[in-house]
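Let's take a walk through a protein together, looking at its aromatic rings and at a few spots in the backbone. Have the structure open beside you as you read.

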Amino acid sequence: MVIGLRYLIFLLLISSFPANSKWEDGIPMPQAKSGTVATVIDNNIILIGGKSIVEGSPVSEIFDIKGNIWRPISIMPKKLIGTRIVNIGDKGLVCGGFNNQKITNECWVYDVLLSLWVRTDSMPLARAEHSMIRINNKIYVLGGVGEEPERLMIYNISKKRWSISKYNLPTVRYSMATTKFNDSIVTVGGVQVSSNNVTSVVEVFDPEKKKWTRLKDLPQKIASASATEINSKLHVVGGKTFSPLKTYDNHYIYFNNDWSEREPMPTPRHDMASVNNGKKWYIIGGAISPGIFSIFSPTDVVEIYSQ
């Protein structure tokens, strides 16, 4: 009877997951790192910076998705931690971060074809541990730590011009999970700048309506998680909390105005790079342990989710 009940529970659990969704191992990074950032350009994942056990780690790499191989790229002129990157055609735009513990507003462009770094227009305000998302012809910078973190900065790609929006981030946070979702920008969790407490808040900015709305809170408070949109559903994985001091493997999906749990990420971690090439979601690197122990626990793990 006990065995039958356990089997029934197992069947109920697996039936709640899409039949073709799964996690798989990817090719490990050449070097274990946390705090890396990534974007997809053509069939390549551009991976910038991060922290390793060796002090800093300015080494950046490209992962050839078709060739299934990593290769190094030219070293970024500045050793930035807590920076962000977005795709602007055949180039990558990198903005903000800590430069030798000083928060910067600098931006750099990486030309994949020429393997060349070029300094470009700086952000109006210095930020680190922020979020940076591209929606059509504009790039949005939200939250983080630094100058006026409540202010939303916008970069017009065609005009090559920065501006500061009047539509402030309602709950000012850093280390949020942020992604494009239904042509809007969704921000999940993070650490509140005012209190340094981890939160479960989920807020969405609609660039067309120029309006912030709040969705149902994530089932748990989380910071430094990763998020993406797959088949009109919002996915959130991993992350950390300060109290308790813990790293998570949780995988949540937001659909039909509610959250549900899905297959856990195989390796619990936080501060991962996250990219979605439209076919698969790559979760790259990160730290296994939270808090000060994260310095000693970067990982080279790459795990891929497909549905």
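**Rings, a charge and some unusual backbone**

F205 has a relative accessibility of 2%, and because anything under 20% counts as buried, F205 is a buried residue. Keep in mind as you look around that this model is predicted.

What does F205 pair with? Its partner in an aromatic pair is Y167. A pair of aromatic rings is described by the distance of the centres and the angle of the planes. For Y167 and F205, the centres are 6.3 Å apart and the planes meet at 40°, which makes the pair tilted. Unlike buried F205, Y167 is partly exposed, with a relative accessible area of 25%. Now trace the chain between them: Y167 sits in the loop between β18 (161-164) and β19 (173-174), while F205 belongs to strand β23 (residues 202-206). The two are 38 residues apart, so this pair links distant parts of the chain. The story also goes beyond two rings, since ring pairs join Y140, Y167, F205 and W212 into a cluster.

How many aromatic pairs are there in the whole structure? A search finds ten. Another of them brings together F63 and Y282, whose ring centres lie 6.5 Å apart with planes at 55°, so this pair is tilted. F63 is in strand β4 (residues 61-64) and Y282 is in strand β32 (residues 281-284), so the pair ties together parts that are 219 residues apart in sequence. Both partners are hidden away: F63 is buried at 4% relative accessibility, and Y282 is buried at 6%.

A ring can also have a charged residue over its face. Look for F255: K233 lies over the face of this ring, at 4.5 Å from the ring centre.

Now let's turn to the backbone. Most residues other than glycine have a negative phi, and most peptide bonds are trans. With that in mind, where does this model depart from the usual pattern? The peptide bond from S243 to P244 is cis, with omega near 5°, and P244 is found in the loop between β27 (240-241) and β28 (246-247).

Positive phi values turn up in loops too. D183 has a phi near 65° and lies in the loop between β20 (177-181) and β21 (184-188); at 52% relative accessibility, D183 counts as exposed. K210 has a phi near 50° and sits in the loop between β23 and β24 (211-214). With a relative accessibility of 43%, K210 counts as partly exposed.

Conventions:
Residues are numbered from 1 along each chain as its sequence is written. This is a predicted model: local features need pLDDT of at least 70, side-chain atom pairs count only at pLDDT 80 or more; totals for chains, interfaces and linings use all residues. Side-chain values use heavy atoms; hydrogens and water are left out. Rings of Phe, Tyr and Trp (its six-membered ring) pair if their centres lie within 6.5 Å; planes under 30 degrees apart count as stacked, over 60 as edge-to-face and the rest as tilted. Helices (H or I, at least four residues) and strands (E, at least two) are DSSP runs, numbered from the N terminus. Buried means under 20% relative accessible area, exposed over 50%, partly exposed in between (1.4 Å probe, protein chains only). A charge sits over a ring if NZ of Lys or CZ of Arg is within 6 Å of the ring centre and within 35 degrees of the ring normal.
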